Amino acid sequence: MQDQFVGSNGRAALNEASIFCEKLREAAMKCGQDTLANCRLLDFGVGWGRLYRILLNHCTPHSLIGVDIDSKCVQLCSEAMPYGTFQLSGDPPLSFAPATFDIVYAYSVFSHLAEHAFRTYMSEFARILKPGGLVVFTTLKGPHLDAWHRLSTGSDPWYVEYLKRAGFDHEGWLARRANGEFLYVPTGGGDMRDSSFYGEAVVTEKFLIEKAPELGLSVVAFEERDEMPQAFVVLQRPSN
Ligand SMILES: C[S@@+](CC[C@H](N)C(=O)[O-])C[C@H]1O[C@@H](n2cnc3c(N)ncnc32)[C@H](O)[C@@H]1O
């Protein structure tokens with residue numbers, strides 16, 4: 001299940017998540033938190049709970065809520081961590097009052113969601129975040145276009161078909177990336193993760209700088225470093 005959900009397992013999967021959790025903690029400190037122990041956090045797309053487990057080193061299971069659209073994930077996390085707080089989530093609005101959380105984080109979720117889902121959830125996060133609160137998430141790095149290019153001419157007919165249906169052409173999509181467009185290939189992800197909203201997504205820095213204010217957020221950090229396989233992004237709900 002670990003492999004199916006995150007493409008790795010065991011120590012490698014946890015190491016990758018630990019880097020994200022440490023960067024999340026540093027971002028929270030830079031943005032004025034003294035410690036995560038006083039924060040309320042939402043793990044959006046909790047999966048099998050790898051980030052949840054790591055963040056329990058810093059906060060209590062009452063202040064950390066894990067949600068997922070997949071009831072298998074919610075059940076697995078609830079059984080493995082009966083002391084934790086896990087909920088099934090659906091389409092927005094999410095079942096949280098305005099200004100509930102200090103931090104909403106999502107690892108390897110917005111590397112998959114379509115633009116309409118991205119926009120809807122980000123607006124929703126702005127609603128449920130406290131003023132000054134953070135959305136910390138990952139997306140595919142810009143150079144993922146090279147991987148799509150290789151796959152579009154490769155031997156896997158499944159990818160060739162999906163990239164063709166998405167209208168992928170390398171030069172054209174490089175220009176779209178430079179223009180700050182949201183790049184998405186609707187592959188689907190199995191079960192309820194159908195291709196109407198789930199696939200592979202590159203959210204560019206330019207897109208975020210231009211669109212985040214419409215969604216009630218501003219860009220604090222956008223990093224595409226070697227230390228992580230995906231881009232690391234921090235958005236903030238402005239303080240009142
Ligand atoms: C690639 S997995 C990553 C899981 C976990 N964040 C991790 O890194 O270990 C993506 C997860 O996001 C969940 N997901 C996808 N769309 C979602 C949505 N709209 N709302 C909540 N969870 C969603 C999936 O069911 C899946 O568990």
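**Entry 1: the ligand's surroundings**

I began with the ligand in this predicted model, and I found that 22 residues surround it, the closest being Gly-45, Arg-50, Asp-68, Tyr-107 and Arg-193. Sorting this shell by class, I noted 13 nonpolar residues, five polar ones and four charged ones.

**Entry 2: polar atoms beside the ligand**

I then looked up individual atom pairs, starting with Gly-45, where a backbone N or O atom lies 2.7 Å from a nitrogen atom of the ligand. For Asp-68 the side chain is what I recorded, since one of its polar atoms lies 2.6 Å from an oxygen atom of the ligand. At Ile-69 I returned to the backbone, where a polar atom is 3.4 Å from a nitrogen atom of the ligand. I also looked up how much of the ligand is covered: taken alone it exposes 600 Å², and the protein buries 98% of that.

**Entry 3: where the ligand sits**

Which pocket holds the ligand? I found that the ligand sits in the largest pocket. Turning to the elements around the ligand, I wrote down helix H1 (2-6) and helix H3 (50-55) as those that give two or more residues to its shell.

**Entry 4: the largest pocket**

I next took the pocket by itself and noted that about 790 Å³ of space lies in it. The largest pocket is lined by 35 residues, and the closest to its centre are Ser-108, Val-109, His-112, Arg-193 and Tyr-198. Arg-193 thus appears twice in my notes, once among the residues closest to the ligand and once among those closest to the pocket centre.

Which elements each supply at least two residues of this lining? I listed H1, H3, strand E2 (64-68) and helix H5 (115-128), and I marked H1 as the source of the largest share, with four residues. By class, the lining of the largest pocket has 18 nonpolar, 11 polar and six charged residues.

**Entry 5: two backbone details**

Finally I checked the backbone, beginning with Ser-108, which I had already listed among the residues closest to the centre of the largest pocket. Ser-108 has a positive phi of about 60 degrees although it is not a glycine, and I placed this residue in the loop between E4 and H5.

Is the peptide bond from Pro-92 to Pro-93 cis or trans? I recorded it as cis, with omega near 5 degrees, and I located Pro-93 in the loop between strand E3 (85-88) and strand E4 (101-106).

Terms used
Residues are numbered from 1 along each chain as its sequence is written. This is a predicted model: local features need pLDDT of at least 70, side-chain atom pairs count only at pLDDT 80 or more; totals for chains, interfaces and linings use all residues. Side-chain values use heavy atoms; hydrogens and water are left out. A residue is near a molecule or strand if one of its heavy atoms lies within 4 Å of it. A polar contact is a pair of N or O atoms within 3.5 Å; within protein, one must be able to donate a hydrogen and the other to accept it, and residues adjacent in sequence count only if both atoms are side-chain atoms. Accessible areas come from the Shrake-Rupley method with a 1.4 Å probe; for residues, only the protein chains shown count as cover. On a 1 Å grid over the protein atoms alone, a cavity is a set of points where a 1.4 Å probe fits but cannot get out, and a pocket is an open set with protein on both sides within 12 Å along at least five of seven lines; lining residues have an atom within 4 Å of a point. A molecule sits in a cavity or pocket if more than half of its atoms lie within 2 Å of its grid points. Ala, Val, Leu, Ile, Met, Phe, Trp, Tyr, Cys and Pro count as nonpolar, Asp, Glu, Lys and Arg as charged, and the others, Gly among them, as polar. Grid points are joined across faces, edges and corners, and a volume is the space filled by probe spheres set on the points.
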